[in-house]
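Here are some short exercises to work through with the model open beside you. Try each one yourself, then compare with the solution.

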Amino acid sequence: MSERSRAMVRSAASKVLSALVVMFLAATVTFLLVRISGDPLSMLLPPDATAEQADELAATLGLDQPLVVQYADYLSGLIRFDLGDSLFYNQPVSQVIADRLPATALLAVSALFIALVIAVPAGIAAAMRRGRARDKGIMTLILLGQSTPAFWVGIVLILIFAVRLQVLPASGHGTLSHLILPAVTLAVYSVAVIARLLRSSLLDVLSSDYMRTATAKGFGPTHAVVSHGLRNASLPVITVVGLETGTLLGGAILTEQVFTWPGLGRLTIEAISNRDLPLVQGTVLLFAAIFVVINLIVDVTYSAIDPRVRLEK
Amino acid sequence: MAGISIAASQDAQTPTHTAWRALRQNRWGMVAVVFLAVMVLTAALAPLIAPHDPQAQNLLERLAPPSWAGDSDHLLGTDHLGRDVFSRLVFGSRISLLVGVSAAMLAGVIGAVVGLLAGYYGGRLDWILMRLADVQLAFPSILLALAVVAFLGSGLWIVIVVLGLTGWVSYARVVRSEVVSLKTRDFVTEARAIGVGNLTIIRRHLLPNVVAPLATIATLNVASAIVAESALSFLGLGVPTHIPTWGSMLADGQLYLGTSWWIAIFPGLALMLTSLAINITGDAIRDATDPKVYRR
Amino acid sequence: MTTVLSIEKLSVDFELGTETVHAVRDVSLDLAEGETLAIVGESGSGKTATALSILQLNPVPPAVYRSGTIRFGAHDLLALPEARLRAIRGNDIAMIFQDPMTSLNPLKKVGRQIGETLQLHRDVSRRDTRSAVVEALAQAGVPRPDERAEQYPHELSGGLRQRAMIAMALVTRPKVLIADEPTTALDVTVQAQILELLVQLQDRHGMAIVLITHDLGVVADVADRIAVMRSGEIVEEQPCEPLFAAPQHEYTRSLLAATPRLAGASEGA
């Protein structure tokens, strides 16, 4: 038993290490991109600025230092969660982000919740009645969900529920009814992906030998699926949920724009339009960090469920 | 040596033949392909098909409803600047198709090269390339696209390059696994034994076998590239704003949703149908060419 | 000797798209209490389909049970409602399969899988289940059974996995054990051990065994009676020694000729 837990700890440690490496690469790439994107100074200064003003600004922002020193400052700042100051908001970037983060988190979590609540029963229902009408119907809906761009879904929902029926607000934030449309919009694509994957992985499981053994032991069909099928079928789904988070984050950016939801997504767009480079840098890094952390959690969960993986080097 | 290459190409079933045969049996697949053909034609013949200049503003006729719903003579109505929606839709399809296909091709080339190299040479090169793929996957593509656009500005070519750069991973993975399984087959080991150069082997023996799975992924990739382009345009970060795209039409239309639903709905519908048609076609191609699917 | 299981005129078809395969044609077999009946044939002979029919484990979209009865006790298994059939599966009639690696759930501990069978059919406490599981593993010849019960299938060797499957089948003391190619996936040295184990357990618990195999050599030491199948039909059925000594049917003779004998088979049980 302790051999197994030691192996688990070792693999978890290596995963954390890779995650850190990825973050490091992300930070470096962002740093380089900002520097490449042209002279930040010229974007910040009014056209008639004098040379002294330019030098002064450069000194304040630390842009007059050699690149390597800037890089070192940047990295050390990151470790302290100091991402510089937003040019537009005149506040530390970390502050601005912290203000907006909860809204996006709420949206993403609600969307994931809705997605699971719909996708899991749908996937199971489709797999249990493979090839019949129910399965075909669900597969068609899945196809529609995967092909429809999320921002259009949002617009259609606004048209139906906010404009025509007038039961839900078209934008804004604050109450549960404000949350419904954006969360549903965001959930659509994920529902399709998760349902489809659960269905196919459950189909694989249902035709496996150990399911036959379960039947031979006297399990009824539902009992067999719940006791033996689901855990096995959920493995690939868990991995996909991790990958889906990336899509969810991307979708959040669009959904927030459609519904004017005051979260990180809209913040990023605003920052880009305002050429607020420190803020853009901060939000990009944060998204990357969130993604990496979630993938890490997914990885660790996977190896916790599948004992075959744990003993691998 | 000629004998071996004949054996190799006989080994690879012509994907076009099997695909065509299977498509003919698949009703929805045919519908989807026909739809796409019509779309491509429309995009190519845009100037002939569009009744109005997509950029022509006519403030007297702004926000006019579609001709079958109101009494304007614009098939799908006009937008807030009096521009004909139908014409803009037709010209918008050009951008979508251009970006979608170019980005998919770029991603395909990059992905195929990476996959071939990684699968064939294995070892350290394989490890590095696959780690790179993992890191790439660690970033949601929208985010990457946004980051690049934020720092390098927007524009048609940047969008294509970015989408190409974000899409290569799925190609690479598939190609790599195909190559790895083909690498140990007889015709490859024989060719090697005779002394055929690695590049020739890759080109003549491995590449043809890899085309079928590549085609499936490419199709699906085109769909996601089209949607991604319109997402960027929707956010105002895509192609320059004077060029009509479905995404920017959606963005404009959203502001007038209360009164003039047609401005946003039609481009969205076009997007959805196109994406749907491509996905159906891609599924049909995969069902036709993937031998694993035959095993029930 | 009392007959414990009786297959009468069983016919099973497999509907595969356009063609229909007559997998089992008018097969009749009797199994007496405590005896070992071997059903031997090549792949496609219908032996596995027949065995799976007893507990109706054939995948049902393609499989259709056309006619016949399978008598067990007072019931016709083919006519039983699902719920009654479930009460018999794993309980009065148990089955073990060819490949223990795929037939066991890779994500569940071995002991848990064995215990489930017991909990399904009996009202037992957790502690009693645990000791029954360890006891079953011990009887199946698994060394350090209490440790093995806590392991996962992939942590056991092929032979041990099959012993675990056997333990799983035995834990409810079934009257009939159906063994579908139990040794085919195992090393030759282990095969003989498993067969010996089956014989021991049969002596101990008095259960009847239906042994499906393609290998006549495997069957020589173990079977009381042998039924040879080809293309869905029974071609010959005799007690073990007479069959080996004087095979009646040409097909049986050709099977015998093609069979490498296990060492010691010619010396009898």
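Two residues are in contact if their C-beta atoms, placed from the backbone, lie within 7 Å. This is a predicted model, in which local features need pLDDT of at least 70, side-chain atom pairs count only at pLDDT 80 or more, and totals for chains, interfaces and linings use all residues. Residues are numbered from 1 along each chain as its sequence is written, while chains are lettered from A and ligands numbered from 1 in the order in which they are written.

**Exercise 1.** Describe the side of chain A that touches chain B.

Solution. Start with the count: 37 residues of chain A are in contact with 30 residues of chain B. Next, find the elements, where helices (H or I, at least four residues) and strands (E, at least two) are DSSP runs, numbered from the N terminus. Several helices of chain A each supply at least two residues, among them helix 1 (2-36), helix 11 (264-273) and helix 12 (277-305). Helix 10 of chain A gives the largest share, eight residues. Finally, sort by class: this side of chain A has 27 nonpolar, ten polar and no charged residues. Here Ala, Val, Leu, Ile, Met, Phe, Trp, Tyr, Cys and Pro count as nonpolar, Asp, Glu, Lys and Arg as charged, and the others, Gly among them, as polar.

**Exercise 2.** Work out the order of the six strands in the open sheet of chain C.

Solution. Take pairing first: two strands pair if DSSP finds at least two bridges between them. Strand 3 of chain C pairs with strand 8 (residues 208-213) in the parallel sense over five bridges; Ala38(C) has Leu211(C) as its bridge partner there. Strand 3 of chain C also pairs in the parallel sense with strand 9 (residues 225-230), over four bridges, and Val40(C) stands opposite Val228(C). Then add strand 7 (residues 176-180) of chain C, parallel to strand 8 over five bridges. The full order is 6-7-8-3-9-10, with mixed pairing. Strand 6 (93-96) and strand 10 (233-239) of chain C are the edges, each pairing on one side only.

**Exercise 3.** Is strand 3 of chain C mostly covered or uncovered?

Solution. Apply the cut-offs: a residue is buried if 20 or more other C-beta atoms lie within 10 Å of its own, exposed if 12 or fewer, and partly exposed in between, with C-beta atoms placed from the backbone. Five of the five residues of strand 3 (residues 36-40) of chain C are buried, so the strand is mostly covered. Now split them by face: Thr36(C), Ala38(C) and Val40(C) lie on one side, with Leu37(C) and Ile39(C) on the other.
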